[in-house]
Number of protein chains: 2
Amino acid sequence: MQNNIRKNIEVKINQKLTDAEFEKLSAWFVPLQLESKEQFVTEGKVSRNLYFVDSGATHTFIVDKKGEVHTVQFGLEGYWIGDMYSFFSGNPPIFNVETLESSTLFAMQHADFEKACEQIPKFEMFFRILVQNGYLSSLQRIAKNFSEDAEQRYLTLIKNHPDLPQRIPQYLVASYLGIKPQSLSRIRQNLAKKK
Amino acid sequence: MQNNIRKNIEVKINQKLTDAEFEKLSAWFVPLQLESKEQFVTEGKVSRNLYFVDSGATHTFIVDKKGEVHTVQFGLEGYWIGDMYSFFSGNPPIFNVETLESSTLFAMQHADFEKACEQIPKFEMFFRILVQNGYLSSLQRIAKNFSEDAEQRYLTLIKNHPDLPQRIPQYLVASYLGIKPQSLSRIRQNLAKKK
DNA sequence: ATACGATCTTAACCTATGTGAACGAAAAGC
DNA sequence: GCTTTTCGTTCACATAGGTTAAGATCGTAT
């Protein structure tokens, strides 16, 4: 059942898990079936869970002072999501996370995460790599946001995730690109004309 | 000599290091005295070192296709810097790092880092926290860059680092804020008028 | 002290994106 | 099936920041 998790971990650490290791891990990942538009992590409400997206889609976002939504990342199949700050500190989260389609997640509680790190060194290694990669890619995203305009960022996004426009409402894609929906609409119009 | 490192680690893990632990660690941190404007990590040239800024200042940056510099982060006293991607993977770095003042750094080689993580669990814990914090703050920065204009970002920056304008050339502050030096100059002019 | 290069300022003009509003289309509720 | 939101498009106009270029300052080397 948690086979996607197994594959995901094995690819990242570039090693196989033994069946014994995987069985232990499996027990700590609780399946969670959600409908579309369910917000399961809310700014301010402690969430000591780490989630694996088995199928479906989510987005992690903040709401600014003007009430505007800014998407920090999308979570598609095979992504690990949640509010790491709340997960580790036990303080209320900084981010919100919501499903965008009906989704199957696996949730791991912080207490079980600690056990997993202690008992399965490969899992600890996996997690270190996960966080490192996330950190690096967010630094690169900061730089890209400064050096590329919205059109280029949009093209890169749909090149990397061709299915995204079909799955995710356009106003959320805009919020990920850091522009308004009308601007994304205009960009798409310009791109259509160019062809 | 490496006392700042000791304090830095102890604060982050919220525990004391024993003298024995600290002595071991000390041996793995090699002091490095650099002049201003020395580039010690260069995009493309493998750098398997992690650096602690004991005194001085550095900036981590990328150069885009147009040859423009984008500062990803400044490293002041007490900051940990370097190209984590190269450090862990052994591949060439994604970022460049350069001193902005004459600086005293401590460098830790990757091989020693591995030993430190194995032999001193508190160090491994420290490093996990360091990377997690970095990841979170970069995600927040992405969101802030979208929700605030350059003037607000500038005000926040100098509020958090009042000494920065005296230490760092303005064109680099601009590159950190994601704007051109002329624009920062204009923003400062507007702020002066407002008062 | 002088001279040169690097940095900062200012200003006029340009462009990408924001704003507000109207409209149509698609989706959701009844 | 009809109605009501929600979402996407388009347009006219506003604005933040980019571009270019000219001077003014500052720093450093000679």
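## How two chains meet each other and DNA strand D

Helix 9 of chain A contributes six residues to the surface near DNA strand D, the largest share of that surface (near: C-beta atom, placed from the backbone, within 6 Å of the strand; helices are DSSP runs of H or I with at least four residues and strands are runs of E with at least two, numbered from the N terminus). This is a predicted model, where local features need pLDDT of at least 70 and side-chain atom pairs count only at pLDDT 80 or more, while totals for chains, interfaces and linings use all residues. Residues are numbered from 1 along each chain as its sequence is written, and chains are lettered from A and ligands numbered from 1 in the order in which they are written.

**Around DNA strand D**

- In total, 16 residues surround DNA strand D, and the closest are Gln170(A), Asp149(B), Ala150(B), Ile179(B) and Ser183(B).
- Both chains take part: helix 8 (170-177) and helix 9 (181-194) of chain A, and helix 6 (150-160) and helix 9 (181-194) of chain B, each supply at least two residues.
- The surface near DNA strand D has five nonpolar, six polar and five charged residues (nonpolar: Ala, Val, Leu, Ile, Met, Phe, Trp, Tyr, Cys and Pro; charged: Asp, Glu, Lys and Arg; polar: the others, Gly among them).

**Where chain A touches chain B**

- Here 25 residues of chain A are in contact with 25 residues of chain B (contact: C-beta atoms, placed from the backbone, within 7 Å).
- On the chain A side, strand 5 (69-75), helix 3 (84-89) and helix 5 (121-147) each give two or more residues.
- Helix 5 of chain A gives the most, with 15 residues.
- By class, this side of chain A holds 13 nonpolar, eight polar and four charged residues.

**Symmetry of the pair**

- A turn of 180 degrees and a shift of 0.0 Å along the axis lay chain A on chain B with an RMSD of 0.0 Å (least-squares superposition on C-alpha atoms of residues with pLDDT of at least 70 in both copies).
- The two copies are therefore related as by a two-fold rotation axis.
- Tyr135(A) has the C-alpha nearest the axis in chain A, 2.1 Å from it.
- The copies meet through the same surface, because 100% of the interface residues of chain A are also interface residues in chain B.

**Helices 8 and 9 of chain B**

- Helix 8 (residues 170-177) and helix 9 of chain B pack at an angle of about 95 degrees, with their axes 8 Å apart (axes are lines fitted to C-alpha atoms over the stretch in contact, and angles run from 0 to 180 degrees between N-to-C directions).
- That angle makes helix 8 of chain B roughly perpendicular to helix 9 of chain B (roughly perpendicular: 65 to 115 degrees).
- Gln170(B), Tyr171(B), Val173(B), Ala174(B) and Leu177(B) of helix 8 meet Pro181(B), Ser183(B) and Leu184(B) of helix 9.

Methods: Two residues are in contact if their C-beta atoms, placed from the backbone, lie within 7 Å. Angles under 35 degrees count as roughly parallel, over 145 as roughly antiparallel, 65 to 115 as roughly perpendicular and the rest as oblique.
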